[in-house]
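Here are my comments on the model you sent, set out point by point. Please read them with the coordinates open beside you.

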Amino acid sequence: VGPIELRRALENSARPIESEPFAQGAGLINAPAALAYALEHHGKPAQDLPFALSVPSRGCARGIYLRDAAELQGPLTFGVLVQPLFEHAATRTAAEVEELLSLELQLQLGPTAPWVTTPASMVLLSAKERGGQTFTVRLDPSTLPPGAHFAAVQAVDATDPARGPLFSLPITVVIPHAISPPPPLGALTPAQLETAGDETAAPPALSFPLTLQGGVPVRRFISVPESAEWAKVTLRSGRMANGPHAVLLHAVPSARGDLPNTACQTKRMLQLRELSEEVVQLPVRGGATLELCMQLSWLANPAPATLDAEVEFHSYGARGRAMHAPTTRIGGADAFARIEVGAPLRTERLAPEAELTAAERALRPSSSTITAGSAELDVLPPSDAELRAAADAPGEQIHSM
């Protein structure tokens, strides 16, 4: 039994467990069932043949992962490329050519969730000259509730369904929680207008209760407004009969692939006491989906804890040339540097300060001389003089830098 057959036997005979799809994989390994599967299906067509799946429209990803609200507008259709991976040398033998040409699998395609639609079947050939074969996947996430949803498209041999999936395409769709925009000033009562300058008077963008178990992560996905720059997360604890708790907060502002996760994530270990409050400021990315993951440390106190979480998004709407650099520079031709700020999301407090840290002076030289450098160092071979000296030199020379 080769490594591909062994992996297929372990995956198709694994025992599913009740856990989140981010952690369980194929399930719990069942060694006796894997051995029986390997012996029963050894030598069947394409049993030891690996397949490479990719989604060309998603950067040749190995699956489909949708997370931002802009990607979830209406039904979506993706093309999936399937490539059999033959372990052949550059020059194939007669037996390898026969193996390549004889591949013809009648496959049944079946999604594991009703919001995924695929063709009922496909005939998989080697398709070496075409770079593989494709099938389409249609997703309709409009009926899904907020949260993370996982599905897969499994390809089963139509002539022998007992073999289980020969390959599968993982699909993850994250439906973020929607936020309510703050009411316009015209809709506020006179009493609310009097306290509109106080940031604490604005209603929270999103609030939800949390019940944390020891060692079990709890995730919330929140849609970030386009103009948001940072978020304020407030955790309030209730009665704690068994003492204080240690809560690990992990926030990922974006998962678009253009920025490493380690460069934008936030990790904090919070010590929550009875009837206490902890506030964490998080950088966010406008239009993306913020992932908040909270987990109770079972080493400090394994007893369950109940918390109330509030998430507020803030922004100064800063604009201007000076906002793209860590320092502001006023050149000799500029009278001032302009920075424009606003409050697109809610009323904000702003206390600007400016400090002169350095002064630049333009100095005019008292004298200057422009001379040629060394004749030996300034000439790159072959020089024009060397080409003209050669009797067989062409009339026109093209130099590429």
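**Notes on helix α3 and the charged pairs**

1. Just after helix α3, G43 adopts a positive phi of about 90°. The model is a predicted one, and this backbone value, like the others in this note, should be read with that in mind.

2. Helix α3 itself spans residues 31–41, and its buried residues are A34, Y37, A38 and H41. These four cover an arc of only 95° around the axis, which is why they come to lie on the same side of α3. An α-helix has 3.6 residues a turn, so residues three or four places apart point the same way. On the other side of α3, the exposed residues are P32, L35, L39 and E40. As for what the buried residues of α3 pack against, the partner is α1, residues 3–12.

3. Within helix α1, the side chains of E11 and R7 are joined by a salt bridge, with an N to O distance of 2.9 Å. Because E11 and R7 are four residues apart in α1, about one helical turn separates them. With a relative accessible area of 39%, E11 is partly exposed, whereas R7, at 57% relative accessibility, counts as exposed.

4. How many salt bridges are there by the rule applied here? The count comes to 10, and R67, R219 and E291 are linked in a network of such bridges.

5. Is the pair formed by R163 and D157 buried or exposed? Both R163 and D157 are buried, and the closest N and O atoms of their salt bridge are 2.8 Å apart.

6. E312 forms a salt bridge with K232, in which the closest N and O atoms lie 3.7 Å apart. This pair links distant parts of the chain, since E312 belongs to strand β17 (residues 305–314) and K232 to strand β12 (residues 230–237), with their positions 80 residues apart in the numbering. E312 is buried at a relative accessible area of 7%, and K232 likewise counts as buried, at 18% relative accessibility; the cut-off for that class is under 20%.

7. Finally, Q133 deserves a look in strand β7, which covers residues 133–139. Q133 is buried, with a relative accessible area of 13%, and a polar atom of the Q133 side chain lies 2.4 Å from the backbone nitrogen of L125.

Conventions:
Residues are numbered from 1 along each chain as its sequence is written. This is a predicted model: local features need pLDDT of at least 70, side-chain atom pairs count only at pLDDT 80 or more; totals for chains, interfaces and linings use all residues. Side-chain values use heavy atoms; hydrogens and water are left out. Buried means under 20% relative accessible area, exposed over 50%, partly exposed in between (1.4 Å probe, protein chains only). Helices (H or I, at least four residues) and strands (E, at least two) are DSSP runs, numbered from the N terminus. The arc is that of the directions from the helix axis to the C-beta atoms. Contact means heavy atoms within 4.5 Å. A polar contact is a pair of N or O atoms within 3.5 Å; within protein, one must be able to donate a hydrogen and the other to accept it, and residues adjacent in sequence count only if both atoms are side-chain atoms. A salt bridge is a side-chain nitrogen of Lys or Arg within 4 Å of a carboxyl oxygen of Asp or Glu.
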